[in-house]
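Please open the structure in a viewer and keep the selection tool at hand. The tour below proceeds stop by stop, naming what to select and what is found there.

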Amino acid sequence: MRTSALQTSAAVAEKPSKLARPGSNDVGEKSKVLTNRSINPRVLEMQYAVRGAIVLRGQQLAEELRSGVHNLPFDEVVFCNIGNPHSVGGTPITFLRQVLAGCAYPPTTGSMPTDVQERVGRILEGTGGSGIGAYSESKGLRTIRQSVARFIEERDGAAPGSVNPENVFLSNGASDGIKLMLSMIIRSPSDGILIPIPQYPLYSASITLLGGAQIPYFLDEDNGWSLSVEALQQAVDKARAGGIEPRALAVINPGNPTGQVMDYQNIQDVINFCCDNNLLILADEVYQTNIYQPDERPFVSFRRVATEMSSEVELASFHSISKGMLGECGLRGGYFEMLNFSEEARAQAYKCCSVSLCSNLPGQVAMDVMVNPPRPGDESFDLYNREMQEKFASLQRKAARVAKVLNSFDGVSCQPSAGAMYAFP
């Protein structure tokens, strides 16, 4: 028998504790510099329910089960609080792990397929012979950023060479890229970021920590969790009336945790809205390969629509190896691309990356595999394609099944999940 540790997707803010002199705490000890009375109040106010109290209780229950000494009426805890495929039975893609192994220990490549050997050779050459144990350029290895640029061109049907790899930044998952951009946008408590409700609480938590203002806009559940320009305008008007200056719009497409997929016209309307209101766009597109109704609801990137509109909207797009069919959450690989930003903004983003020196190299290697997989005719293609198709078919079946089962419960309704890894009843 199983029980699930479930999480709400909304962050709940608590009243921050009052400041006290450094070195004091709630029990009168004077030797501790950091206590709840002296920690940065923004840290105390920040909430991240995905890894919050319910999950901690689930971990306690799992530990009791492992101890063998308990009277619990179940024998397993299934953690459904976060998209973490390998933790619930997901398996790695062979080609990716072979390339990763070869880059980590090149002598192993001799027994591997020729396309693995070639990929390892190209990546290691891109390190200048230093290997993946050395820091890379702050933006990430140029050879991998070039792979990302070609991926974007192929995905969007753009002209070869139209995506500049210098506008691509490799990051430790999409999350670090999102936090970097938010840190550049938020200057004061009156700077606001439009975030969807329901939302992934990375946004609310990061905005709180950075001292900005959350501007919630509500998705329309009755219309498949759609995003309407009317809801955006209401949110902007309310924020401005309250003295908040909207600076950016965060959009999660496909939706987390709602599973909706935006169509071309909807994206076009949102871009026009942002241009009219002088907002930059943060396009969180990490689930772009998790599309379960490809004929009715194909994935369309914000970048594609913006470029086809010849829009000058400032657009930061994010992608990750943690989702899709790879599900390599632990490797922490991601990228973001800055489109239509000033040279000054790109230079400051580079400086922010430089503070951490670079993103981790294994994650960069995995990103190269994600954006540049084996092609037909390559030695590894058949196995790679079979593994990817099997994973996709499994996720597609589960997406339909979850919505069907939830809708069978009395008093529960759930929109079909057109994309991502979630259903939101």
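Which residues does Leu210 touch, not counting residues up to four places away in sequence? Select Leu210 and display its surroundings: the residues touched are Arg42, Lys179, Leu182, Ser183 and Ile186. The model on the screen is a predicted one, and every value in this tour is computed from it.

**First stop: Leu210 and helix α7**

Leu210 belongs to helix α7, which covers residues 202-210. Its relative accessibility is 29%, so Leu210 counts as partly exposed, the partly exposed class lying between the limits of 20% and 50%. To gain a sense of distance, select Glu63 as well: the two residues are 147 apart in sequence, and their C-alpha atoms are 35 Å apart in space.

Next, select the whole of α7. Is this helix mostly covered or mostly open? The helix is mostly covered, with 7 of its 9 residues buried. Colour the buried ones: Leu202, Tyr203, Ser204, Ala205, Ser206, Ile207 and Thr208. Their packing partners may be added in turn. The buried residues of α7 pack against the helices α1 (41-45) and α6 (173-185), and also against the strands β4 (191-197), β5 (213-218), β6 (245-252) and β7. Immediately after the helix, select Gly211, which follows α7 and has a positive phi near 85 degrees.

**Second stop: backbone features**

Most residues other than glycine have a negative phi, and most peptide bonds are trans. The following selections depart from that pattern.

Select Ile197 and Pro198. The peptide bond joining them is cis, with omega at about 0 degrees. Pro198 is located in the loop between β4 and α7.

Then move to Asn253 and Pro254, where the peptide bond is again cis, with omega near -5 degrees. Pro254 is placed in the loop between β6 and α9 (264-276).

Select Trp225, found in the loop between β5 and α8 (229-241). Its phi is positive, near 60 degrees, although Trp225 is not a glycine. Trp225 is buried, because its relative accessible area is 5%, below the limit of 20%.

Ala420 also has a positive phi, near 65 degrees. Look for Ala420 in the segment after α13; with a relative accessible area of 0%, Ala420 is buried.

**Third stop: aromatic pairs**

How many aromatic pairs does a search of the whole structure find? The search finds 6. Select Phe169 and Phe336, which form a stacked pair: their ring centres are 4.9 Å apart and the angle between their planes is 5 degrees. This pair links distant parts of the chain, since Phe169 is in strand β3 (residues 168-171) and Phe336 is in strand β9 (residues 334-339), 167 residues apart. Phe169 and Phe336 are both buried.

Now select Tyr292 and Phe392. Why is this pair classed as tilted? The ring centres are 6.1 Å apart and the planes meet at 35 degrees, so the pair is tilted; planes under 30 degrees apart would count as stacked, and planes over 60 degrees apart as edge-to-face. Tyr292 lies in the loop between β7 (280-284) and α10 (302-308), whereas Phe392 lies in helix α13 (residues 381-407); the pair therefore ties together parts that are 100 residues apart in sequence. Both residues of this pair are buried.

Return to Phe169 and Phe336 and add Phe318: ring pairs link Phe169, Phe318 and Phe336 into a cluster.

**Fourth stop: an exposed loop**

Select Gly161, in the loop between α5 (142-156) and β3. Gly161 is exposed, because its relative accessible area of 67% is over the limit of 50%. Adding Ala149 gives a local reference: Gly161 and Ala149 are 12 residues apart in sequence and 8.0 Å apart in space, C-alpha to C-alpha.

**Last stop: the whole chain**

Finally, clear the selection and view the entire chain, which has 13 helices and 9 strands. The radius of gyration is 23 Å, which agrees with the value near 22 Å for a compact globule of 425 residues. Along the principal axes, the C-alpha atoms fill a box of roughly 65 × 60 × 55 Å. Buried residues account for 49% of the 425 residues. Among contacts between residues at least 6 apart in sequence, 70% join residues at least 24 apart. A surface display shows about 20400 Å² exposed, with carbon and sulfur atoms supplying 52% of this area.

Notes. Residues are numbered from 1 along each chain as its sequence is written. This is a predicted model: local features need pLDDT of at least 70, side-chain atom pairs count only at pLDDT 80 or more; totals for chains, interfaces and linings use all residues. Side-chain values use heavy atoms; hydrogens and water are left out. Rings of Phe, Tyr and Trp (its six-membered ring) pair if their centres lie within 6.5 Å; planes under 30 degrees apart count as stacked, over 60 as edge-to-face and the rest as tilted. Helices (H or I, at least four residues) and strands (E, at least two) are DSSP runs, numbered from the N terminus. Buried means under 20% relative accessible area, exposed over 50%, partly exposed in between (1.4 Å probe, protein chains only). The radius of gyration is taken over C-alpha atoms; the globule rule is 2.2 Å times the number of residues to the power 0.38. Contact means heavy atoms within 4.5 Å. Accessible areas come from the Shrake-Rupley method with a 1.4 Å probe; for residues, only the protein chains shown count as cover.
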